[in-house]
Amino acid sequence: EKGTESNMMPIIFISHRTEDAKVADMLRDYLIATGIPNEYVFCSSLPGNDVKSVISREVKDKIANSAVNIAILSHGYYESAYCINEAGIIWLQDPLTPAIVVGLPEITPANMHGFLNSDYKLRRLDNANDISEIYDTIRSAVGATPASLSFATAASQKLLVHYAEYLKSRKVPAVPAIQPTISTASIDDVTTDDERVVLYYILTNKVRRVQKSNVDAWMIENEIYNINVENALDLLA
């Protein structure tokens, strides 16, 4: 459940890789220029590959109580286990919390994968219509007063110019072919039989929320036995 403090301000959570921090800063500057309070915006400054799976307490608190989540996808984002953790939380929150997915040039619907895949509309910061959609979603989520047309247009043009300048100096990474599946050996190394069956249930039924009774009924239907669903749910949680 979201935080219940009456004085809790709306949080715009921006998930990004450290190397893409300039893009996050541009987006934050744009939001501030359109009247979104600076203190609403929280950018996760991600460490390098030394962080494996533990999300800091501050990041956990912010994303748990966010009003809207933004993920800035890049080749580097998909390489970071830390970013993938955040993407998973954004995906889980999506039914209740709006999710905005921004792609850098190397990201296309064809190579999106993981939690934030081609099921999501990919937004671009070199597209004025996408910028307007991003603003409308965020403004509505945080309940901000709409900016005047002149302010919104000027802020959008500024973002377009700064983003174009950034892309000119950005080193475009080589994007390897995306492997469609993870090897069975790697799954076996980190999960139990109980977990794998429940994960298979989640994937095949395309659900975000899992109830033990539903999994039990599904296993009976598919003649799957000797699986401790309660144990699996505890381990996965």
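In which handedness of crossing does α9 pass α10? The crossing of α9 past α10 is right-handed. The legends below describe close-up views of a predicted model.

**Figure 1. Overview of the chain in the predicted model.** The chain holds 10 helices and 5 strands. It has 237 residues, of which 39% count as buried. Counting contacts between residues at least 6 apart in sequence, 73% link residues at least 24 apart.

**Figure 2. Buried and exposed residues of helix α9, residues 212-221.** The buried residues of this helix are Val215, Trp218 and Met219. They line one face of α9, because they fall within an arc of 100° when the helix is seen down its axis. An α-helix has 3.6 residues a turn, so residues three or four places apart point the same way. Ile220 and Glu221 are exposed, on the other side of α9. The partners of the buried residues are two helices: α8 (193-205) and α10 (229-236). After α9 comes Glu223, with a positive phi near 55°.

**Figure 3. The packing of α9 on α10.** The two helices pack at an angle of about 130°, and their axes are 10 Å apart. The angle makes α9 oblique to α10. From α9, the residues in contact are Lys212, Val215, Asp216 and Met219; from α10, they are Val229, Glu230 and Leu233. By class, this contact between α9 and α10 consists of 4 nonpolar and 3 charged residues, with no polar ones. Val215 and Met219 belong to this contact, and both are buried residues of α9.

**Figure 4. The packing of α8 on α9.** The axes of α8 and α9 cross at roughly 90° and come within 11 Å. This makes α8 roughly perpendicular to α9. On the α8 side, Val197, Val198, Tyr200, Tyr201, Thr204 and Asn205 take part. They meet Asn214, Val215, Trp218 and Met219 of α9. The contact of α8 with α9 divides into 7 nonpolar and 3 polar residues, with no charged ones. Val215 and Met219 of α9 meet α8 here, and they also meet α10.

**Figure 5. The packing of α8 on α10.** Here the helices pack at about 85°, with 8 Å between their axes. The two helices are therefore roughly perpendicular to each other. Asp194, Glu195, Val198 and Leu199 form the α8 side of the contact, and Val229, Asn231, Ala232, Leu233, Leu235 and Leu236 form the α10 side. By class, the residues of this contact between α8 and α10 are 7 nonpolar, 1 polar and 2 charged. Val198 of α8 takes part in this contact and also in the contact with α9. Val229 and Leu233 of α10 meet α8 and also meet α9.

**Figure 6. Glu223 and Asn226 in the loop between α9 and α10.** Most residues other than glycine have a negative phi. Glu223 is not a glycine, yet its phi is positive, about 55°. Glu223 counts as exposed because its relative accessibility is 59%. Asn226 lies in the loop between α9 and α10 as well. Its phi is also positive, about 60°, although Asn226 is not a glycine. With a relative accessible area of 78%, Asn226 is exposed.

**Figure 7. The surroundings of Ile12 in strand β1, residues 12-15.** Ile12 is buried, and its relative accessible area is 0%. Leaving aside neighbours within four places in sequence, Ile12 contacts Leu31, Ile36, Tyr40, Val41, Phe42, Val68, Ile70, Ile138 and Val142. Tyr40 is 28 residues from Ile12 along the chain, and the C-alpha atoms of the two are separated by 5.8 Å.

**Figure 8. The surroundings of Leu122 in strand β5, residues 122-123.** Leu122 counts as buried because its relative accessibility is 10%, and the cut-off for buried is under 20%. Not counting residues up to four places away in sequence, Leu122 touches Val101, Val102, Gly103, Ile107, Thr108, Pro109, Met112 and Asp130. Between Leu122 and Ile72 the C-alpha to C-alpha distance is 9.9 Å, and the two are 50 residues apart in sequence.

Conventions. Residues are numbered from 1 along each chain as its sequence is written. This is a predicted model: local features need pLDDT of at least 70, side-chain atom pairs count only at pLDDT 80 or more; totals for chains, interfaces and linings use all residues. Side-chain values use heavy atoms; hydrogens and water are left out. Buried means under 20% relative accessible area, exposed over 50%, partly exposed in between (1.4 Å probe, protein chains only). Helices (H or I, at least four residues) and strands (E, at least two) are DSSP runs, numbered from the N terminus. The arc is that of the directions from the helix axis to the C-beta atoms. Contact means heavy atoms within 4.5 Å. Axes are lines fitted to C-alpha atoms, for helices over the stretch in contact, and angles run from 0 to 180 degrees between N-to-C directions. Angles under 35 degrees count as roughly parallel, over 145 as roughly antiparallel, 65 to 115 as roughly perpendicular and the rest as oblique. A crossing is left-handed if the near helix is turned anticlockwise from the far one by less than a right angle, and right-handed if clockwise. Ala, Val, Leu, Ile, Met, Phe, Trp, Tyr, Cys and Pro count as nonpolar, Asp, Glu, Lys and Arg as charged, and the others, Gly among them, as polar.
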